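Below is a walk through one protein model, taken site by site. Keep the structure open while reading.

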Amino acid sequence: DFATEVKPLLENRCINCHHAGALMGHLNLETRAKAFADRPGGPVIVPGKPGASKLYLQLNLADDNPKAMPPEGHRIPESERDVIKRWIAQGATWPDDASGVLKPLPPVRE
């Protein structure tokens, strides 16, 4: 389910580097339209095909691969990568309305 599993994962792990103010890799995950937009390197998410979806594939690259995501810090656990895989395999449903908007999280202050 996008609202309860995928959206929180993308907000906690991805959106802080992939939004309009920080377009790492020229990928914007703020909305469905932006995440599924045509890109020179091909689609990031291919509904029904996790093996053809760069979003999923890059989460599974070896730590020493420069294209691995996230590029530094803690890698995303396999259980969370499996959530992304299942979501894509099931069609990558992502609401077009306000419930599908992802927002960067405020920085953690210590």
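The model is a predicted one. A starting point is A92, which counts as buried, with a relative accessibility of 0%. A92 belongs to the segment that follows α4. Its backbone deserves a look: the phi angle of A92 is near 50 degrees, a positive value in a residue other than glycine. As background, most residues other than glycine have a negative phi.

From the segment after α4, turn to the helix α4 itself, which spans residues 78-89. The buried residues of α1 pack against α4. On the α1 side these buried residues are F2, V6, K7, L9, L10 and E11. The list includes K7 and E11 beside F2, V6, L9 and L10. At the N-terminal end of α1, D1 acts as a cap, with a side-chain oxygen 3.5 Å from the backbone nitrogen of A3.

Another buried site is S53, in the loop that connects α2 (32-35) to α3. The relative accessible area of S53 is 0%, so this serine is buried. What does the side chain of S53 reach with a polar atom? The partner is the backbone oxygen of K49, at 2.8 Å. Beyond its neighbours within four places in sequence, S53 is in contact with V44, I45, V46 and I88. W87 is 34 residues from S53 in sequence, and the C-alpha atoms of S53 and W87 are 11 Å apart in space.

H19 can be read in a similar way. This histidine sits in strand β1, which covers residues 18-19. Is H19 buried or exposed? With a relative accessible area of 15%, H19 is buried, because the cut-off for that class is under 20%. Two polar contacts involve the side chain of H19. In one of them, the side chain of H19 reaches the backbone oxygen of N16 at 3.4 Å. In the other, a polar atom of the H19 side chain lies 3.0 Å from the backbone nitrogen of G21. Leaving aside neighbours within four places in sequence, the residues in contact with H19 are L27, N28, E30 and P104.

Next come the cysteines. How many disulfides does the structure hold? The count is zero. For C14, the nearest cysteine sulfur is that of C17, 8.8 Å away, and C14 is in no disulfide. C17 is likewise in no disulfide, its nearest cysteine sulfur being that of C14 at 8.8 Å. A disulfide would need the two sulfur atoms within 2.5 Å, so the separation of 8.8 Å rules out a bond between C14 and C17 in this model. As for accessibility, C14 counts as buried at 9%, whereas C17 is partly exposed, with a relative accessible area of 36%.

C17 also leads to the largest pocket, being one of the residues that lie nearest its centre, along with H18, M69, P70 and P71. In total, 24 residues line the largest pocket, and its volume is about 620 Å³. Two elements, α1 (2-13) and α3 (54-59), give two or more residues to this lining. The largest share, four residues, comes from α3. Sorted by class, the lining of the largest pocket consists of 13 nonpolar, six polar and five charged residues.

Technical notes:
Residues numbered from 1 in each chain as written. Predicted model: local features only at pLDDT ≥ 70, side-chain atom pairs only at ≥ 80, totals over all residues. Heavy atoms only, no water. Buried < 20%, exposed > 50% of the residue type's maximum accessible area, 1.4 Å probe, protein only. Polar contact = N/O pair within 3.5 Å; in protein donor to acceptor, adjacent residues only side chain to side chain. Contact = heavy atoms within 4.5 Å. 1 Å grid on protein atoms, 1.4 Å probe; cavity = no way out; pocket = protein on both sides within 12 Å on 5 of 7 lines; lining within 4 Å. Points joined across faces, edges and corners; volume = space filled by probe spheres on them. Nonpolar A, V, L, I, M, F, W, Y, C, P; charged D, E, K, R; others polar.
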